[in-house]
2 protein chains.
Amino acid sequence: MQMVRRVMGFIRDQSAGYLANHMARLFARELQARIKPLGLSIGTFPALLVLWEGDGLTQRELIERLDIEQPTMANTLARMERDGLVVRRKDAADGRVQRIWLTAAARALEAAATAAADEVNDRALAVLSPGERASFVDAMCRIIAALQTGVPDDAAGRSP
Amino acid sequence: MQMVRRVMGFIRDQSAGYLANHMARLFARELQARIKPLGLSIGTFPALLVLWEGDGLTQRELIERLDIEQPTMANTLARMERDGLVVRRKDAADGRVQRIWLTAAARALEAAATAAADEVNDRALAVLSPGERASFVDAMCRIIAALQTGVPDDAAGRSP
DNA sequence: ACCATTTGCATAGCCAGCAATGCAATGTTA
DNA sequence: TAACATTGCATTGCTGGCTATGCAAATGGT
């Protein structure tokens, strides 16, 4: 029968949403510092992870794997093309789609970049025991799944 | 004796940093949907939480409490002033500092806004048991502390 | 065959975060 | 007290996230 509403004020330092934002910013700062020497920035990282597994994907396939909105991905790909990480080529069969191909330069960065990400994760998770790490990652996965589902068209004032 | 380096590739869906970023984006999407009807956006939220506890703070005091860089806060405060949430007044004793004061409009939003944030947190954490919730929040706090400490000037190539 | 719909991507414009820099007000020190 | 250092904030310019919108290519229904 827990007291959901506290009498006085919202406790910022115990709010999951606030902590999630803060933690994500710190992860980003840390990764950015480590991949900047490689000429990479954090926004390109998720796209590269997918493309290193296999390129020639369409923009739509990328955004489905990454849960990123389409204009964000279009913008990111434009920067990646500008920076010589990918090239976009028209699909022969469908005139609408642009298939994304890694450049040799991008392929060459895989080992160093993933090593940098491993280092950041290791540094962050070092404060947890191995068991805690597993349940922490599992909890994030479950929360992500929970926040992705539902809210088909609700939750934002349905009647004027 | 765990294998820290996997033989083939980086597993995105088990990377703490990737999951933290994804989770934070989902929290933000959800909160944004709920506070948009109030005329608020997520960037102002942390500042408001601090100011609702007591205003008249300087910009520097705000950024220390929130771990936000100074130009980000200056920009956020400019939007908040534009939107009638705060006013900035020069400190009498020190000609450099601007003290931040909430408007009546901003004060009036506290209950509705914190209720919205509570709803988001409750929805996200509903997939965890009470015990899991506590350890999850604790883990985030510990990781935040770990990523904040150290790295005084290191980790990004110390010699040219 | 035609028109409407759907699909894939690009663009515009905003918010939020950052580093780098500028500058005025205050402190400090020789 | 004059020169220097520090502090507090603003500005510039970038990345990265979003919504809203536009548009061309493909698809479907009739």
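Which backbone N or O atom lies 2.6 Å from a phosphate oxygen of DNA strand D? I will start with that contact, and the answer is that the atom belongs to A:Gly95. Before I go on, please keep in mind that what you have in front of you is a predicted model, and that the distances I quote are computed from that model.

Let me stay with DNA strand D for a moment. There are 24 residues around this strand, and those that come nearest are A:Gly43, A:Arg79, A:Arg82, A:Gly95 and B:Gln70, so named from both protein chains, with A:Gly95 being the residue I opened with. Of the atoms of DNA strand D that come within 4 Å of the protein, sugar and phosphate account for 72%. Besides the backbone contact of A:Gly95, two side chains place an N or O atom by a phosphate oxygen of this strand: for A:Ser41 the distance is 3.1 Å, and for B:Arg29 it is 2.8 Å.

Where in the fold does this surface come from? At least two residues each are supplied by α4 of chain A, residues 70-82, and, from chain B, by α1, by α3, residues 59-66, and by α4, residues 70-82. The largest share, 4 residues, comes from α4(A). If we sort the residues of the surface near DNA strand D by class, we find 10 charged, 8 polar and 6 nonpolar.

Now to DNA strand C. Here, too, 24 residues surround the strand, and A:Gln59, A:Gln70, B:Gly43, B:Arg79 and B:Arg82 come nearest. Sugar and phosphate make up 73% of the atoms of DNA strand C that come within 4 Å of the protein. Among the contacts to phosphate oxygens of this strand, a polar backbone atom of A:Arg60 is at 2.9 Å, a polar side-chain atom of A:Arg88 is at 3.1 Å, and a side-chain N or O atom of B:Thr72 is at 3.5 Å. The elements that give two or more residues to this surface are α1 (16-35), α3 (59-66) and α4 of chain A, together with α4 of chain B. In this case the largest share, again 4 residues, comes from α4(B), and the classes are 6 nonpolar, 8 polar and 10 charged.

How are the two protein chains related? Chain B is superposed on chain A by a rotation of 180 degrees with 0.0 Å of shift along its axis, and the RMSD is 0.0 Å. The two copies are therefore related as by a two-fold rotation axis. As for the interface, 98% of the interface residues of chain B are also interface residues in chain A, so the copies meet through the same surface.

I would like to finish with two helix pairs inside chain B, both of which involve a helix already mentioned for DNA strand D. In the first, the axes of α3(B) and α4(B) come within 10 Å and cross at roughly 115 degrees, and the crossing is right-handed. B:Gln59, B:Leu62, B:Ile63 and B:Leu66 of α3(B) meet B:Gln70, B:Met73, B:Ala74 and B:Leu77 of α4(B), which gives a contact of 6 nonpolar and 2 polar residues, with no charged ones.

In the second pair, α1 (residues 16-35) and α6 (residues 110-125) of chain B have axes that come within 9 Å and cross at roughly 145 degrees, and α1(B) likewise passes α6(B) in a right-handed crossing. From α1(B) the contact is made by B:Phe27, B:Glu30, B:Leu31, B:Arg34 and B:Ile35, and from α6(B) by B:Ala116, B:Ala117, B:Glu119, B:Val120, B:Asn121, B:Arg123 and B:Ala124. By class, this contact has 7 nonpolar, 1 polar and 4 charged residues.

Methods. Residues numbered from 1 in each chain as written. Chains lettered and ligands numbered in written order. Predicted model: local features only at pLDDT ≥ 70, side-chain atom pairs only at ≥ 80, totals over all residues. Heavy atoms only, no water. Axes fitted to C-alpha atoms, helices over the stretch in contact; angles between N-to-C directions. Left-handed = near helix turned anticlockwise from the far one by under 90°. Contact = heavy atoms within 4.5 Å. Nonpolar A, V, L, I, M, F, W, Y, C, P; charged D, E, K, R; others polar. Near = heavy atom within 4 Å. Polar contact = N/O pair within 3.5 Å; in protein donor to acceptor, adjacent residues only side chain to side chain. Least-squares fit on C-alpha atoms with pLDDT ≥ 70 in both.
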